[in-house]
Amino acid sequence: MSVNARRPHEFTGRHMLLIILSFFGVIVGVNLTLATLATTSWTGLIVENTYVASQQFNRKAEEGRAQAALGWTGKLTIAWGEVRYSLSDAAGKPLELHGVRVLFRHPAYEAEDKAVSLALASGQEFAAQHTPRDGVWIVEVDADAGLTEPYRDVRRIMVSQGALL
């Protein structure tokens, strides 16, 4: 006859130590994950200095009204791995541009931001090879139309499968 040498399952100090280490391990792991995500995503910072930005607000608003009074219309196209931009006056006549710079800003991740300089492609249309990732983007176009300040066109766009929706 054999006697079962195993003792009944007891809860020992070793078990309690493992439970406490597991509990705090999960807490530390979650905190490290959240801290990593917080430092690698958007900072929430829109302007470097809010006081300076507030002092410039009225001047920029006046520039925006003067630009809107021109009645110009920008045409932005994103398709087939290419970004194209052209500008036409109130009558629909294409305007001569001297340069176009486009900044793609991701609303949530600054690391995704990308500035693209467009080159004259055909007629008065500027183009460059660039395919933004699918999703929502804030596009800031600065077009040099010979004015004292570049013509500024800011849009919130949606890109799906490499094309502007």
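Two strands count as paired when DSSP finds at least two bridges between them. The model used in these exercises is predicted.

**Exercise 1. The sheet**

Work out the strand order of the open sheet, and find which strands stand at its edges.

Solution.
- Start with the order. Eight strands form an open sheet, arranged 1-2-5-4-3-6-7-8.
- Next, the sense of pairing. It is antiparallel.
- Now go to the edges. Strand 1 and strand 8 (163-164) each have a single partner strand, so one side of each lacks a neighbour in the sheet.
- Finish with one pair. Strand 6 and strand 7 are joined by nine bridges, in the antiparallel sense.

**Exercise 2. The core**

Find which residues of the largest nonpolar core touch the most other members, and which strand gives the most to this core.

Solution.
- The largest nonpolar core has 23 residues. Tyr85, Val100, Phe104, Leu118 and Val139 touch the most other members.
- Then turn to the strands. At least two core residues come from each of strand 1 (73-79), strand 2, strand 3 (99-105), strand 4 (114-122), strand 5 (125-129), strand 6 (135-144) and strand 7 (151-160).
- Strand 6 gives the most, with four residues.
- Take Leu118 as a case. Beyond its neighbours within four places in sequence, Leu118 contacts Val83, Tyr85, Val100, Val102, Phe126, Ala127 and Ala128.

**Exercise 3. Ser86**

Decide whether Ser86 is buried or exposed, and list its contacts beyond four places in sequence.

Solution.
- Locate the residue. Ser86 sits in strand 2 (residues 82-88).
- Apply the cut-off. Buried means under 20% relative accessible area. Ser86 has 16%, so Ser86 is buried.
- List the contacts. Setting aside neighbours within four places in sequence, Ser86 meets Thr73, Gly74, Lys75, Gln124 and Glu125.

**Exercise 4. Arg152**

Classify Arg152 by accessible area, then find what its side chain shares with Glu140.

Solution.
- Arg152 belongs to strand 7.
- Check the cut-offs. Partly exposed lies between under 20% and over 50%. Arg152 has a relative accessible area of 38%, so Arg152 is partly exposed.
- List the contacts. Not counting residues up to four places away in sequence, Arg152 touches Gln67, Glu140, Val141 and Asp142.
- Look at Glu140. The side chains of Arg152 and Glu140 are joined by a polar contact of 3.1 Å. Opposite Glu140 stands Val154 of strand 7.
- Add a distance. From C-alpha to C-alpha, Arg152 and Val28 are 47 Å apart in space. In sequence they are 124 residues apart.

How values were computed
Residues numbered from 1 in each chain as written. Predicted model: local features only at pLDDT ≥ 70, side-chain atom pairs only at ≥ 80, totals over all residues. Heavy atoms only, no water. Buried < 20%, exposed > 50% of the residue type's maximum accessible area, 1.4 Å probe, protein only. Contact = heavy atoms within 4.5 Å. Core = buried A, V, L, I, M, F, W, Y, C linked by side-chain atoms within 4.5 Å. Polar contact = N/O pair within 3.5 Å; in protein donor to acceptor, adjacent residues only side chain to side chain.
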